[in-house]
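Trainee: I should like to learn how the features of a structural model are read, one after another. May we work through an example together?

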Amino acid sequence: RERRMLPNKSAAGAARAQAARRRRAQNDPREPFSASAPLLTEEERAQKAAFVREHVERRLKPELADVLSLKQQALVQVKQYRELRESIRRMREHGLTSEVQTMIDLGSQVYAQAVIPDARHIFVSAGMGFFIELSLPQAQEFVSAREELLLKRVEVHERRAATITSNIKLLYDMLGEILGMDIKDEYSAMPQQQAQQRRDDLGV
């Protein structure tokens, strides 16, 4: 009997998928690609590389800078609350509840002597420009709670920064694949640098 040779369905399907993929890549620079496959012309590669660079420079890097700025602000507040907590501890330990002499920061590293006639109650910043009057025990509890809350914010900002950094690294790898070269960027070691910076800022 004469046998008919049937076409290889898998090969035909792969060819159709490759053709469809090429059409999508030509029409949309955001379409996933593989630089190892001979699908893109030099013009198409340049178009995709420009899209990746624009996304990193105009969106991801500014977003990362904002997140790191928020993290740094939270760390500064944590340090200030820790200093206040230590001052309250010393006041309670030495029984400084009546007249207290102190130095007040006037700004720009300028200080002035001041006298607190009654130190049984102090005003503590509650955020958003608001201050609340508390007794020393109440202030100590409030400061500890604020410190804990701010540390949680720092962790949230760190996780967000790590996600953005990972996306930037991924896009740099993609850009290197487009251009056929290994692109080194300053974001590869950023998670470790952020952890060390946090330890330095908190003095731990």
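Mentor: Let us begin with burial. In this predicted model, buried residues account for 30% of the 204 residues in the chain.

Trainee: How many helices and strands does the chain have, and in what order do the elements run?

Mentor: The chain holds four helices and four strands. Read from the N terminus, the order is α-α-β-β-β-β-α-α.

Trainee: What share of the contacts between residues at least 6 apart in sequence joins residues at least 24 apart?

Mentor: That share is 51% in this chain.

Trainee: How should I read a nonpolar core, and which residues of the largest one touch the most other members?

Mentor: The general idea is that in soluble globular proteins, nonpolar side chains tend to be buried together. Here the largest nonpolar core has 14 residues, and those touching the most other members are Tyr81, Ile88, Ile122, Val124, Leu136, Ala139 and Val143. At least two residues of this core come from each of α2, β3 and α3. The biggest contribution is that of α3, with five residues. Apart from this core lies another, of 13 residues, including Leu64, Ala161, Ile168 and Tyr172.

Trainee: Which residues does Leu136 touch, not counting residues up to four places away in sequence?

Mentor: With those neighbours set aside, Leu136 touches Ile88, Met91, Arg92, Leu96, Thr97, Ala119, Arg120 and Ile122.

Trainee: Let us turn to single residues in α3. Is Glu147 buried or exposed?

Mentor: One compares the relative accessibility with the cut-off for burial, which is 20%. Glu147 has a relative accessibility of 7%, and therefore counts as buried. Glu147 belongs to helix α3, residues 136-179. Beyond residues up to four places away in sequence, Glu147 touches Val78, Arg82 and Arg85. The C-alpha atoms of Glu147 and Leu75 are 9.5 Å apart, although the two residues are 72 residues apart in sequence.

Trainee: Which side chain is joined to that of Gln140 by a polar contact?

Mentor: The partner is Arg92, and the polar contact between the two side chains is 2.6 Å. Gln140 is also found in helix α3. Its relative accessible area is 18%, so Gln140 is buried. Leaving aside neighbours within four places in sequence, Gln140 is in contact with Arg85, Ile88, Arg89 and Arg92.

Trainee: Where is Ile116 found, and why is it classed as partly exposed?

Mentor: Ile116 is found in strand β2, residues 110-116. Ile116 is classed as partly exposed because its relative accessible area is 35%. Not counting residues up to four places away in sequence, Ile116 touches Ser98, Glu99, Val100 and Thr102. Of these contacts, take Glu99: Ile116 and Glu99 are 17 residues apart in sequence, with 5.5 Å from C-alpha to C-alpha.

Trainee: Finally, how does one describe a pocket? How much space lies in the largest pocket, and what lines it?

Mentor: One may take the volume, then the lining, then its chemical character. The largest pocket holds about 800 Å³ of space. Its lining consists of 27 residues, with Glu83, Leu84, Ser87, Ile122 and Phe123 nearest the centre. The elements giving two or more residues to this lining are α2 (42-93), β1 (100-107) and β3 (121-127). Nine residues, the largest share, come from α2. By character, the lining residues comprise 14 nonpolar, eight polar and five charged.

Methods:
Residues are numbered from 1 along each chain as its sequence is written. This is a predicted model: local features need pLDDT of at least 70, side-chain atom pairs count only at pLDDT 80 or more; totals for chains, interfaces and linings use all residues. Side-chain values use heavy atoms; hydrogens and water are left out. On a 1 Å grid over the protein atoms alone, a cavity is a set of points where a 1.4 Å probe fits but cannot get out, and a pocket is an open set with protein on both sides within 12 Å along at least five of seven lines; lining residues have an atom within 4 Å of a point. Grid points are joined across faces, edges and corners, and a volume is the space filled by probe spheres set on the points. Ala, Val, Leu, Ile, Met, Phe, Trp, Tyr, Cys and Pro count as nonpolar, Asp, Glu, Lys and Arg as charged, and the others, Gly among them, as polar. Buried means under 20% relative accessible area, exposed over 50%, partly exposed in between (1.4 Å probe, protein chains only). Contact means heavy atoms within 4.5 Å. A polar contact is a pair of N or O atoms within 3.5 Å; within protein, one must be able to donate a hydrogen and the other to accept it, and residues adjacent in sequence count only if both atoms are side-chain atoms. A nonpolar core is a set of buried Ala, Val, Leu, Ile, Met, Phe, Trp, Tyr and Cys residues joined through side-chain atoms within 4.5 Å.
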